[in-house]
Amino acid sequence: EEDATTEVSEMVTSLKGDIETAAGKKFDGTFEVVKYTTQVVAGTNYKVKVKVSDGDYIHVVVFKPLPYTQEPPKVSKVEVGKAEGDAL
């Protein structure tokens, strides 16, 4: 697990609407990307920990295709009800 970078934070924040749809709920207050891991496939899977309120976190998987595809990143999975100490 690594601390979130500006690039990862901006990517995940830009997908907030899709994340809310996948989670079936709105995150109106805090939405702070804090940690992430990556897995290289035919592109990159980012598994990201997002703080959505005091003591409440979600895990989000975002797939970022290879640059030559010119496809945007997309949300693959959202897990709600996570804690700060939960492993990604």
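Me: Are Tyr-36 and Tyr-46 buried or exposed?

Reply: Both are buried. Keep in mind that this is a predicted model. Burial is read from relative accessible area, with under 20% counting as buried and over 50% as exposed.

Me: How are the rings of Tyr-36 and Tyr-46 placed relative to each other?

Reply: An aromatic pair is read from the distance between ring centres and the angle between planes, and an angle from 30 to 60 degrees is called tilted. The structure holds two aromatic pairs. In one of them, Phe-27 and Phe-31 are tilted, with 6.2 Å centre to centre and 35° between the planes. Phe-27 and Phe-31 are both buried. Tyr-36 and Tyr-46 also form a tilted pair, at 6.2 Å centre to centre and 35° between the planes. Because Tyr-36 belongs to strand S2 and Tyr-46 to strand S3, this pair ties together parts that are ten residues apart in sequence.

Me: What is the order of the strands in the sheet?

Reply: The general idea comes before the case. Strands of a sheet pair through backbone hydrogen bonds, in a parallel or an antiparallel way. Here the sheet is open, has five strands in the order S1-S2-S3-S4-S5, and its pairing is antiparallel. Strand S1 (2-3) and S5 are the edge strands, each pairing on one side only.

Me: Over how many bridges do S2 and S3 pair, and what lies between them?

Reply: S2 and S3 pair in the antiparallel sense over nine bridges. They form a hairpin with one residue between the strands. To follow the register, take Val-33, which stands opposite Val-50 in S3.

Me: And over how many bridges do S3 and S4 pair?

Reply: Ten, again in the antiparallel sense. In this register, Ser-53 stands opposite Asp-56 in S4. The hairpin of S3 and S4 has two residues between the strands, and Gly-55 there takes a positive phi near 75°. On to the next pairing: S4 and S5 are antiparallel over six bridges, and Val-61 has Lys-77 in S5 as its bridge partner.

Me: Which helices pack on this sheet, and at what angles?

Reply: Look at which strands a helix touches and at the angle between its direction and that of a strand. Helix H1 (residues 6-14) packs on the sheet and touches strand S2 (32-41), S3 and S4, with its direction at about 75° to that of S3. Helix H2 (residues 16-23) lies across S4 and S5 and runs at about 60° to S5.

Me: Which residues of H2 are buried?

Reply: They are Ile-19, Glu-20 and Ala-23. Seen down the axis of H2, the buried residues fall within an arc of 100°, so they line one face of the helix. They pack against H1, S4 and S5. Thr-21 and Ala-22, on the other side of H2, are exposed. After H2 comes Gly-24, whose phi is positive, near 75°.

Me: Where is a positive phi found at a residue that is not a glycine?

Reply: At Gln-70, where phi is about 55°. Gln-70 sits in the loop between strand S4 (56-65) and strand S5 (74-82). Its relative accessible area is 74%, so Gln-70 counts as exposed.

Me: Why is S3 described as largely enclosed by the rest of the structure?

Reply: Count the buried residues in the strand. Eight of the eleven residues of S3 are buried, so the strand is largely enclosed by the rest of the structure. Thr-44 can serve as a single-residue case, and its place is in strand S3 (residues 43-53). Thr-44 counts as buried because its relative accessibility is 19%, and the cut-off is under 20%.

Me: What is Thr-44 in contact with, beyond its neighbours within four places in sequence?

Reply: Thr-44 is in contact with Thr-38, Gln-39, Val-62, Phe-63 and Lys-64. One of these partners can be read from its own side. Gln-39 is found in strand S2 and is partly exposed, with a relative accessible area of 46%. Not counting residues up to four places away in sequence, Gln-39 touches Thr-44 and Asn-45.

Me: How far apart are Gln-39 and Ile-58 in sequence and in space?

Reply: Compare separation along the chain with C-alpha to C-alpha distance. Gln-39 and Ile-58 are 19 residues apart in sequence and 19 Å apart in space.

Technical notes:
Residues are numbered from 1 along each chain as its sequence is written. This is a predicted model: local features need pLDDT of at least 70, side-chain atom pairs count only at pLDDT 80 or more; totals for chains, interfaces and linings use all residues. Side-chain values use heavy atoms; hydrogens and water are left out. Helices (H or I, at least four residues) and strands (E, at least two) are DSSP runs, numbered from the N terminus. Buried means under 20% relative accessible area, exposed over 50%, partly exposed in between (1.4 Å probe, protein chains only). Contact means heavy atoms within 4.5 Å. Two strands pair if DSSP finds at least two bridges between them. Axes are lines fitted to C-alpha atoms, for helices over the stretch in contact, and angles run from 0 to 180 degrees between N-to-C directions. Rings of Phe, Tyr and Trp (its six-membered ring) pair if their centres lie within 6.5 Å; planes under 30 degrees apart count as stacked, over 60 as edge-to-face and the rest as tilted. The arc is that of the directions from the helix axis to the C-beta atoms.
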